[in-house]
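Colleague: I'm new to reading models like this one. Can I pester you with a few "how do you know" questions?

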Amino acid sequence: MADVPLLAVEDLVVEYMTPSGPVRAVDAVSFVLARGEVLGLVGESGSGKSTVAQALARILGPPAMITAGRVLFEGSDVLAMHEDDLRRFRWRKMSFVLQSAMNALCPVLTIGEQIIDVLVTHERTSARAARERAAHLLELVGIDPARLTSHPHELSGGMRQRVGIALALALDPPLIVMDEPTTALDVVVQHEVLSKIAELKEKLGLSVLFITHDMSIVSQFATRIGVLYAGRLVEMAPTRELFRAPRHPYTKGLLGSFVSLHGPRRRLAGIPGSPPDLRRLPAGCAFRARCAEATARCATEAPVLRGIGEDHSTACHLVSP
Amino acid sequence: MRYLLRQLGLYILAAWASLTLNFIVPRLAPGDPASAMFARYKGQLQPEALAALREAFGFTGGPLHEQYAAYLVHLFRGDLGVSVAYFPAKVTDVLAMGLGWTALLTGSSVVVAFALGSLLGVIAAWRRGGAFDATLPPLLVFLGAFPYFWLAMMLLYGFGFTLDVLPLRHAYADTLAPSMSVSFVASVVEHLLLPATSIVLASVGGWMLSMRSSMIGVLAEDYVTMAHAKGLSPLRIMFHYAARNALLPNVTGFGMALGFVLGGSLLTEIVFSYPGQGYLLVQAVRSQDYPLMQGIFLTITMAVLAANFLVDVLYVWLDPRTRGR
Amino acid sequence: MSEPDQTPPLLDVQQLGKLYRVGGWLRPKHLRALHDASFTLGHGEILALVGESGSGKSTIARLCVRLEAPTSGRILLDGRDVLHEERGHATLAYRRRVQMIFQDPFGSLNPARTIGQHLERPLLLHDKAKTRADLSARVHALLDTVGLVPAPEVAAKYPQELSGGQRQRVAIARALAVEPDLILADEPVSMLDVSIRADVLNLMLDLKEKRGISFLYITHDLASARYVADRMMVMYAGHIVEAGPSDALLEKPLHPYTNLLLSAVPELEGSFARGLPARSGAPALVDPPPGCPFAARCPDVTDICRRETPRPVSLDEGRVVRCHLYPEPSRTRSE
Amino acid sequence: MARSADARTLRAGERAMQTPKIPRKAAAGLVILGVFFLMALVGPLVAPHDPMAFVDIPLQPPSRVHLLGTTGQGQDVWSQTIAGARSSLLVGFVAGLMMTTIGAIVGAVAGTFGGLVDDVLSLLTNVSLVIPALPLAVVLAAYLPAGTRALLVVLVTTGWAWNARVVRAQVLSLRNKDFVAAAIVTGESRLHIVFREILPNMTSVLASCFISATVYAIGAQVGLEFLGLGDMSLVTWGTNLYWASNDAALLTGAWWTLVPTGLSVALVGTALVLVSFSLDEITNPRLRAVSASARALAARGIRMGASTPVVRDHG
Amino acid sequence: SGRRGAARRDPGGVLTVSTEQQASWVRNFNPLLAPGNIRWPTRAGIYEPLFIYDTMGGKVVPWLSSGFSWGPDKRTLHCTLRPGVTWSDGQPFTADDVVFTFEILQRHKALDLFGVWSFLDDVRATGPDALVFSLNKQYVPGLVYLGHQPIVPRHVWRDVPDPVTFTNERPVATGPFTEITVFQNQVYELGRNPRYWQPGKPALRGLRFPAYPGNDQATLALLHGEVDWAGNFVPDVERIFVARDPAHHHYWFPLVGGTVMLYPNAARAPLSDERVRKAISMSIDRALLVKVAMYGYTRAADATGLHDGYARFRSPEAAAAGDWISHDMERAGKLLDEAGYPRRADGLRASADGAPLTLDVHVVTGWSDWIRAAQIIAQGLRALGVTSAARAYDFSAFFEKLQKGAFDLSLGWSSDEPTPYHFYRDLMGTATLRPLGEPAARNWHRFGSEEADALLAAFEGAADEHEEMRLSHALERLFATRAPVIPLFPNPSWAAFNTRHFEGFPSAQDPYAKPSPYSAPECLLVLTRITPRGA
Ligand SMILES: Nc1ncnc2c1ncn2[C@@H]1O[C@H](COP(=O)(O)OP(=O)(O)OP(=O)(O)O)[C@@H](O)[C@H]1O
Ligand SMILES: Nc1ncnc2c1ncn2[C@@H]1O[C@H](COP(=O)(O)OP(=O)(O)OP(=O)(O)O)[C@@H](O)[C@H]1O
Ligand SMILES: [Mg+2]
Ligand SMILES: [Mg+2]
C-alpha cells in the first residue's frame, strides 16, 4: 500500500458535448498526488482546472463526459466504479471545497442539515452524535456552533466558505479537493480563510489538491504545482523550482504578468493574444499562437509532458531535458 | 414578513379593483341593467308588477358616487343583494351552495395536477433524454392544448355514457343525503373523478414542463454538484436538494395559474353539471341575474386572492431567504 | 487640499454624497453609498481608487460620469460647477469630455450591434465625422489605436466573436472616439485573465503619456493600482479614508484600514500564518451609526471614533487621511 | 475573478446564438402552423361548401361526399373546420398581437422610466394578473354586445398583464446592463436607448410573449364561444363546438362534429408551444446543451445518470 | 346498458321529472311568484287553481271550483267552490281563502302577474263555498286569469309579513303533492298530500326532481333512463331516444307551444308597406326552416298564424286567403319591384335613397333554433337582393330592442291564452301600441288596426262560443290580408316519456292534456292521472 500513491491520474480526457460539437476541456492530463502532499493546479480561466477536479469523483454534470483515462485512488479506478461504490467513495475518500461558497450550499437547508446529511449517510451515526460532531466541526473552522440552524444566506461570504471547509473535513477524508476556495472573497476575508486552511493543514496533515488562478496564493500552500493551459498540463514542478526556474513559455509569461506591491516597477509583459477556443483547437501546440519562440514543429506536433529534471516536467518542444 | 405584508397589500388592492370593476362594468355596458334584469319575464309581467319588483330589488337611481358608496356599504355588511333568477333568495345564500363544491373540485384537481406535474417534471429532468423524458412531455403538451371542456366532454362520453362506469353529473348520488358517512364520501369521490381528471389532464403538462425546466437549471447548480460529491443517495439529492429549490419558482406560478385553472374548471363544471360556482355564473349570465353574477365574480376573485396569499405564505415557509425580508 | 493654482484641476470633486433609498414606501431606509468624498484629478494624471466590494467605488464613477445625480456635493470640471450649470441630464459637451469604461466587457457591448456600429454612434452623435468615408476611416483609426487589427475585419464582427481582452479594447476605443479628457475606468481588468490584463493596463499608460488623457482607475487590486497610478485613494464604506502618491501610500500606510488591506494581499511565497492587524466584518451602510465606519474593526479605536466622523486631514507630500489618529491642525478646506 | 463564471455562461450563450439551426421541435411546430395558415388563407376557396349552408341530411358520418360528415344541422363539417380556422386564427393572432403590443408598451415604459410610473404600472399589472381571467372575461363578454370586436376587447383586457410583467422584467435586467449605461455616457437619447439598444435584444422574449398570448387568446375565445358568449352567426372553432354540443353531438354518437375542431385547437396550441420551447432552448443554452448531450449519450445507449458518464469508445 | 344503468333505482312509485333547467335548487314554494322563480310544480301541483283550461280538448275543467257563471251584463262572475276540499293541514278550504288570495294581489302589484286588478272591481264571498267577482268592464277573456290563479290558505298567509319575498318553505296547500320530503341543492322530492280531495289520487307516491343545468344534461339523463317525464327539447328524438328502447321510450310534440313569428317593424320605412312584408314572407323557405332549425318537429305556419292550440278557431278559407305564406321568390321579387325597391345593377335592391336595402334579423344569443331560423331567413332575403344578416343579441339587449322598436326584423314569440283574442289583440290591436323608442309590452312591431280594435272589443263581451268563433274568423281574415307579422311555424310543446315504470301519460291517442310538464296548470291533469306500472 505504501508505494501506491494516494491519487494517480492517467491520461484523463473530459469533453463537453455542446450542441455545436464536443469541447475537449481536459486533454490527456496525468499526475500523481502523494499522501500528505498539497498539489497546486494553476491556469487561467477556462483552462480546465475545475473540470479536472470534478472529474476525479465523477461529479461533473451534463453535458460533460469522460472519454478516456484512469483515476486511481489508492490503486482502484474511480472511473470503473459502479454507482453504489462511487457513492460510498465520495466524501469518505475525497471531499470538495468548491469555487463559490454561496452556490455550493443549498439555500433551503440549514448549515446543520447539510453537514449532518453527510454524517448520517456515510457513518449512520445517530442524529444526536451527528449534531455534536457538526458543532465540533464548526468550532474547528472558527464559527459559533449556534449557527448550525442558520441558513446559508444568513452568513457572510467568509463564513460560508469556512462552513464549506468544515463540511469537507466532516469524514476526515484522505484527500480534499479545494477548487478556488477564496475567489469570491475580498482580500481581507480571503486572508482569513486561507490562514484557517493553512492552520488546519498543519494540524491535520491533510492531502490537498489546491486549485487557483492566483500564483501568489498557491506559492504559499503547495508542495508541487501543475500548470494547465487549454486543458493540457504544460508544466509540473515543486513550488520553489517552478518559481525559480519556469521552463514553459506560458509559465514564464504567467509569472511575468504578476505585478508586485513592492520592489521596482517594471513594464508588465503579459502574454499577447488570448486563450484558444477549445472547440477549434489548432493542431500542434495550443500555446503556439501566443508564443514568441514558436517553431514550425510547434505547428504540427503536440508536445507531450516529459521529465526535464528532478521532479520537473514540461510539455514544450523548445525545452530539452 | 415584510414580503407577506406587501403581498397582502397587493391583494387588498386587487380586491378593491375587482369590487370597483364589478360596479363599473354593468354601468358602462350598453342598456339599462335594471330593465334587462326583468326582461326574463318575457313581457308576461304587467308594467306595474315590474315597477314593484324594481323597488323590491333596490334599483333606485341617484348619482353614481352615491350608488357606489351604497354598494360598498352593502358589501361590507355581506349583503350582495337578491338574486333575480332565484328570487327572492339572497345572493349570498345562492353562492353558499356552490362555493364548497367549486373549492373541492378546483382545489383537489389543482393540487393533484401540481403535485403530479411537479413529480413528473422532477423525474423527467432527472432522466432527461431518456424514454420517459422523450415521450411524456410532448404527450402532455398535446393534451393540455385541448380546451378543458373538450376533454371533459370526451371523458364524459367515454367513461360516463358509453362505458357507463362513472357518474355523468352532480357532486354526489342523488339518492344520498349529505352527511359524513362512508357511502356519501365515497360517492363524492366517485363523482369527483371524471371532472377532476379532465382538469388534471389539461393542466398537468404545464406544471411538468415548468418543473422540468427549472429542475434542469437547478441540477446544474453548484450545490447539487456538491450534494453528488457528498455521496448522498440519488433520491435524497433529487428531492431534498434539487426539487425543493426547483419548486420555488413554480410555487409563485401556482398562485397565478390558480385563476387560470379556475376558469377551466368553470367550463368543466358545466359539462358535468357539477353544482359549483362555474355553472351558477353561466346561469346568472344567461338569465341576466346581475346581482348573482357580480356575487360570483367577487367570490371567485376573493377566493383566488386568498389562495394566492396562502401560496405566498407557503412560499415564505419553503424559501428561507424570503423570511427575513 | 490643492494649493491655490492658476489653472484649476481637470476634475474637482467636493463633498460628494450619495444615499440610495432602500425598502418600502412607508418606512424607507437609506443606504449611504458615498459620504463626503472630495478629491481632485489633474490633467494627464492617473488616479487609482481602491477598496473592497461595496465600498462605493463604482458609485463615485457613476456620479462623476453623471449616470446618476449625487445627493449632495459638487463636481467641478475645469473649475466649472457642472451640476449647477447643467441641471438634469448632462449635456453632450460634458459627455464629450468625460467618458467611462465598464467592468464587464461582456455586458458593456450590445450583442445586437457590430463593433463598427459601436464606434460609429459616438462619432455621429458628437459630429466627429462628416462623410461616410470619413466615418469608417475614423472607426478604423480608433481600432488601430487600441491594437485591434485588421480594423475593417474587426469592425464587421459582433462582440460575442471577440475575446474578453479584445472587447475591453473596443470599450476603450468607444470611449476614445469622442476624444475625451477624462476616462473613468471601473475595474477594467478585473474580469480579464492575468495573462491579458497587462495589455489593457499598458494601453491606459500609453494613452496617458501620448494623449494626455486622465484616468480614474478603479480597482480592488492594490498591485495593479500601483502599476498604473500616480496617486491612489483608498475607500471604506463610502468614505475616502486615505489618499496620496502611490508609492508613499503603499510604503507607509497611515490609515488602519489601508494597513489591514495591505497586509492581507497575498504575496508570492509569503505566508498565511501571519495574522492581520484587524478583524474582518462588513460595515453597516444602511442607516449607519455615527462615527468612523471602521471603528468596529479598528485595533486603535478610541471613544471619539464612535462618536464623530473624522474629517480629511492633509499631511505632507500631498497625502490626505481621514482618521482621528491624525489630528486636524486647522481647517484645510472651508465649508 | 468571481464573475468569470457568469462570463463563461454568457460566452456559451453567445456561442449557441452563433449557430442558428432550427431545432426539430420548432420545425414540427412551424410545419403544423404552416398547414393551418394555408388552410385559413386558401381554405375557403377550396372548401367544398359554404360553411353556413345546409347542404345535406344532418349528422351524416364521414364519407367520400362529406369528408368529415355533417353537423346536426346538415352543414359540412370539413368546410366549417376550414372556415373556423380562418376566423379563430385571425382573432387569436390579432388578440395575441394586441396583448403583446400593450404588454410591451406598459412593460417597457414601467421598466425604463422607473420611479412612480413604474410603481403605478406594475401595481396595475400585478392587480390584473391576480384577478382570475375567465370569470372576468365571462362577465365582460356578457355585458358587451356580441361580436368580434367585443371578443378582442375581452381577450386583451384579461390577457395583457402577463406580457407586461415579462417585458418589464426583461427591460429591467437589460436596463441594468452596462451597454445601456455606456450608451447614456455616449450621449444617446432615452428613446434611442429603448428602441435601438434594448428592444433589439428582446426579440425572443417578445416572440414568446406573442406565442403565449396567442395560445391564451385562442383557448379563451373557444371557451367563451362555447358558452355562447360570442357571435353565434359566425363560423369559428368555438361556435363549431357550441353547435356540436347544442346538437347533442355526443349523445347521438356524432364524434365527427367535435373531434376535428378540438383536434385543430390542440394542434395549433401544441405547435405554438413547440415553437416557444425552441425559442427557450435557443435563448437558454443550458437546456440545449443538456438535450444535445442526452442525445449523444442515448446514441451510445447510455442513460444519463447521477455520475459523469465514462464513454471510452470515442476519441 | 352498462353497470350503472343496470343498477338503476327502483322508483317505488316516485316519478322523476325533468322540467326546469337549473344548476342547483333553491327552496321557494311561493305560488304567487312568477313561475321562473319558484320550484315547479308550486303553481299547479302543490297549489291549485279554480279551474284548468285543457288546451288539447279546448275546454275548461273545473278544479277547486265546481262552476262559473257570468251575470247577465257580463260584469259579474259567480263562482261556486267544490265541497269537501281541505288544506293539507286539515283546515277546510273556503271562499274566504279565494277572496284573501285576490286581496293579496291587489295589495302587492308585484304579485299580480297578469294584472287581474286592471279589470277587477271587487271580489266578495257570498257564502262558505260561493263568491262573486265584479268587473269594471265586460271582459270575458279575463276569465282564464281568474281561474288559473293559484289559491293560498288565508289562515297561514295572513301572518306572512311580505308575500313578495316569502319563500314558503313548508307549504300548506290543496294540491296532490304537498310534502317536501327531500330538499338538497341537486335534487328534491315531493310527497303526496294525505288529505287530497280526489279519493285514491294521486297514484304516485311522490315526485322527484334532479337538477339538470342544461339541455344536454337533461337529454343525457333521459337517454340513460333516469327520467320518466321530460319537458326538454331532444334533438333527433327518434334516433337517439326512441330507438334505444322503442317499447318504453315515447315522445309527443303537439304544436301547441305558441307560434314563432318574424316581427317586421311597421313603424319603419320599408316594412310599413304590406307588400314588402309579404315579399319577405315569400322569400322564406319554411320547409327548410322546419327541417333544419326544428328537426322537422313542426310544420310551416299558415296565413292565420294560429297554432294547434287554436285549431278549432282556425278558418280554412282565411288561411287560404293568405297567399303570401308559400315560398315563391319570383312573386316576392315582383312585389318588391312594385313597392319601389328595384334591383340595382349590382343585383342589390335599392331603398328610397338609393342605398342598398338592408334588413337584419335580430335573435337571442344562445337560442340555437332561432339562430338557425334567422340564418335561413337572411339567406332568403339575400337571394331576394336585400342585404341581410342574422344578428344575435343577449336576451336583455334583444328584448330591449324589441320592446323599444329598435329593429327591422326580429324573431319573437306569440301569446298562447285559450282564445285567439289575446293572440290577435297583441298582433293587431292598438291597446298596446307605443311610439318608437318607448317600450311596448306587446305589439312590438307597432302595427295597429282600428278594424281589429272593433272586433276585439266585441270579443271582450262575446256572448258565447259561436260569437267568439265568428269574431275569430274575422280577425284571421284581417290578419291574412294585412300580414302584420310573418308567422314562421307553430312551436311544439316538448314532452318525452319513459314508460318502463309508469303509465298514463298523455299522447296523440289519449290527448287529455298538453303533455309538457312545464305547462301549468294542465300538468295537474297529468299528475293526477299517471300511475305506477302494474299498480
Ligand atoms: N457545461 C459546459 N458546457 C460546455 N463547455 C463547458 C462547460 N463547462 C465548462 N466548459 C468549458 O470547459 C473549459 C474548462 O472549464 P473549467 O470550468 O474547468 O475551467 P476552470 O479552469 O475551472 O476556469 P475558472 O478559472 O474560470 O473556474 C472551458 O473552456 C469552458 O468553457
Ligand atoms: N441602485 C442602488 N440602489 C441601492 N443600493 C445601491 C445601488 N447601487 C449601489 N448600491 C449600494 O451602494 C454601495 C456601494 O456600491 P458600489 O457599486 O459603488 O460599490 P463598489 O465599491 O463599486 O463595489 P464592487 O467592487 O462590488 O463593484 C453598495 O453597498 C451597493 O449595494
Ligand atoms: Mg473553475
Ligand atoms: Mg463596482
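Modeller: Sure, and let's start with a term. A polar contact is a pair of N or O atoms within 3.5 Å; within protein, one must be able to donate a hydrogen and the other to accept it, and residues adjacent in sequence count only if both atoms are side-chain atoms. Now the house rules. This is a predicted model, where local features need pLDDT of at least 70, side-chain atom pairs count only at pLDDT 80 or more, and totals for chains, interfaces and linings use all residues. Residues are numbered from 1 along each chain as its sequence is written, chains are lettered from A and ligands numbered from 1 in the order in which they are written, and side-chain values use heavy atoms, with hydrogens and water left out.

Colleague: What makes Gly56(C) a polar contact of ligand 2?

Modeller: A backbone N or O atom of Gly56(C) sits 3.0 Å from an oxygen atom of the ligand, and the limit is 3.5 Å, so the pair counts. Ser53(C) uses an N or O atom of its side chain instead, 2.6 Å from an oxygen of ligand 2. Arg62(C) has a polar side-chain atom 3.5 Å from a nitrogen of the ligand. As for cover, the protein hides 69% of the 630 Å² of accessible area that ligand 2 has on its own (Shrake-Rupley method, 1.4 Å probe; for residues, only the protein chains shown count as cover).

Colleague: Which elements give two or more residues to the shell around ligand 2?

Modeller: Strand E2 (29-41) and helix H1 (57-64), both of chain C. Helices (H or I, at least four residues) and strands (E, at least two) are DSSP runs, numbered from the N terminus. H1(C) gives the largest share, four residues.

Colleague: Why is the site of ligand 2 called shared between chains?

Modeller: Being near means that a heavy atom of the residue lies within 4 Å of the molecule. Residues from chains C and D surround ligand 2, so the site is shared. There are 15 residues around the ligand, with Ser53(C), Gly54(C), Lys57(C), Ser58(C) and Thr59(C) the closest. By class, the shell holds four nonpolar, six polar and five charged residues (Ala, Val, Leu, Ile, Met, Phe, Trp, Tyr, Cys and Pro are nonpolar, Asp, Glu, Lys and Arg charged, and the others, Gly among them, polar).

Colleague: And what makes the site of ligand 1 a shared one?

Modeller: Here the surrounding residues come from chains A and D, so that site is shared between chains too. It has 17 residues around the ligand, and Ser45(A), Gly46(A), Lys49(A), Ser50(A) and Thr51(A) come nearest. They divide into four nonpolar, nine polar and four charged. Ser45(A) puts a polar side-chain atom 2.7 Å from an oxygen of ligand 1, and Glu180(A) puts one 3.0 Å from an oxygen. The protein covers 86% of the 640 Å² that ligand 1 exposes on its own. Strand E1 (7-18) and helix H1 (49-56) of chain A, plus helix H1 (4-18) of chain D, each give two or more residues to this shell.

Colleague: How do you know that chain C is as compact as a globular protein of its length?

Modeller: Chain C has twelve helices and twelve strands. Its radius of gyration is 21 Å, close to the 20 Å from the globule rule for 335 residues, so the label fits. That radius is taken over C-alpha atoms, and the rule is 2.2 Å times the number of residues to the power 0.38.

Colleague: How confident is the predictor about chain C?

Modeller: Its mean pLDDT (the predictor's confidence in each residue, from 0 to 100) is 88, and 95% of its residues reach 70 or more. Residues 331-335 of chain C fall below 50, and beyond near neighbours in sequence this stretch has nine contacts in the model (heavy atoms within 4.5 Å). Where pLDDT is low, the predicted coordinates should not be read in detail.

Colleague: Which chains share the most contacts?

Modeller: Chains B and E, out of eight pairs in contact. Chains A and E have no contact, and their closest C-alpha atoms are 46 Å apart.

Colleague: One last thing: which peptide bond of chain A is cis, with omega near 5°?

Modeller: The one from Pro62(A) to Pro63(A). Pro63(A) is in the loop between H1 and strand E4 (64-73) of chain A.
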